[in-house]
Amino acid sequence: MTVSKLATPYMFQNFGAQRWWNGRSQKITTIVVHHAATTNFGAMPSVWRDREASAHYGIGQNGEIRAYVDEENTAWHCGNGNAYSIGIECTNTSGEPNWGVSNATVDALVKLIQEIQSRRGKLQIVGHRDVPGNSTVCPGPSLYPRLQEIRNRVNSGSDTPAPTPTPSKPTNVLTAGAGYSVLSDGKGNHAHLDEYGPTGPKLKIRGWHIANYKHEFIILIDRVTGKEVTRQLAKGVARADVNKAYNTKGNVGFDVTFDLKPLKGKSIVVLMRATNDPKGNTTGGFQDFTETRWYHDIK
Ligand SMILES: [Zn+2]
């Protein structure tokens with residue numbers, strides 16, 4: 001039997017009906033992150049008595065971790081992906097449409113995945129909606145845009161909690177970047193937003209991205225829907241300070257503005273994409289960072 005030492009077994013494989021298969025037909029390669037679609041942590045395993053579903057772990061709003069199914073068994077949480085994955089349910093703090101998830105839950109999720117990886121080696125971390133053949137909004141608009149942050153934190157080996165995302169006030173728009181650590185993926189790629197915010201009729205975004213691809217695109221993402229709003233090819237800007245710090249060459253900086261008007265009413269986060277595709281898509285190789293810790297509600 002394999003259960004994380006961070007988890008307390010809770011109604012362990014005893015929901016009133018067997019909602020898992022014994023054993024595995026494939027090697028475990030993936031962690032699948034879910035939102036629980038409920039604010040009631042305690043209800044989690046008992047609802048599976050009447051529903052043909054289950055997951056290996058659940059995390060409460062305060063970060064408590066419970067184990068429901070042995071990792072060596074196949075829980076029923078993502079259809080075709082069940083055989084090769086471990087499913088983790090994150091209890092919500094609110095229902096639809098936002099499906100809120102607390103920072104304490106995200107912090108515990110990072111620690112749990114780190115602990116699982118310490119035993120199993122590096123795993124893919126995906127959202128339920130990313131598993132082929134699954135048509136679902138899970139994990140919802142609060143959790144899904146944070147998956148890149150979660151991957152970064154898991155793989156940087158750091159369990160320092162991320163700062164609570166805070167809309168920047170007009171007074172600190174151009175300096176708040178110093179409060180956020182550099183984004184790194186553990187593979188030699190790094191990025192940072194130095195300046196991000198409305199100035200006059202424009203949204204200004206200045207920063208840098210180290211990743212060895214031909215083009216840099218700045219893509220604005222609606223953090224509620226997780227969908228792209230608009231994108232722009234960024235011209236390289238010389239950043240001697242960054243090149244010196246990371247021992248790199250070339251114009252790794254960017255400095256772009258977008259018109260604010262079409263963004264009105266949206267909550268925006270910035271995706272920095274280095275790519276070989278001249279249109280800013282992922283064809284031919286790419287590397288993405290999304291700065292989910294810093295967003296703006298555009299008025
Ligand atoms: Zn799900």
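This is a short tour of a predicted model, with selections to make in the viewer.

**Stop one: the annotated domain.** Select residues 16–140. An unreviewed UniProt entry places the feature "domain: N-acetylmuramoyl-L-alanine amidase" there. Over this stretch the chain is 18% helix and 21% strand. The C-alpha atoms at its two ends are 28 Å apart.

**Stop two: helix H2.** Now select residues 103–120, which make up helix H2. From first C-alpha to last, these 18 residues reach 25 Å, close to the expected 26 Å. Which residues of H2 are buried? Show the side chains of Thr-105, Val-106, Ala-108, Leu-109, Val-110, Leu-112, Ile-113 and Ile-116 to see them. As background, an α-helix has 3.6 residues a turn, so residues three or four places apart point the same way.

**Stop three: what covers H2.** Keep those side chains on and add the elements around them. The cover over the buried residues of H2 includes strands S3 (30–35), S4 (57–59), S5 (65–67), S7 (85–90) and S8 (124–127). Helix H3 (147–156) is also part of this cover.

**Stop four: after the helix.** Select Gly-121, which follows H2. The phi of Gly-121 is positive, near 85 degrees.

**Stop five: an open sheet.** Move on to the 4 strands that form an open sheet in the order S9-S10-S11-S14, with antiparallel pairing. Strand S9 (183–184) and strand S14 (253–259) are the edges, each pairing on one side only. Strands of a sheet pair through backbone hydrogen bonds. Zoom in on S9 and strand S10 (residues 190–199), an antiparallel pair joined over 2 bridges. What stands opposite Leu-183? Select Ala-191 in S10 to find the partner of Leu-183.

Definitions and conventions: Residues numbered from 1 in each chain as written. Predicted model: local features only at pLDDT ≥ 70, side-chain atom pairs only at ≥ 80, totals over all residues. Expected span 1.5 Å × (residues − 1). Buried ≥ 20, exposed ≤ 12 C-beta atoms within 10 Å, placed from the backbone. Contact = placed C-beta atoms within 7 Å. UniProt positions renumbered as here; feature names shortened; annotations may be inferred. Pairing = 2+ DSSP bridges.
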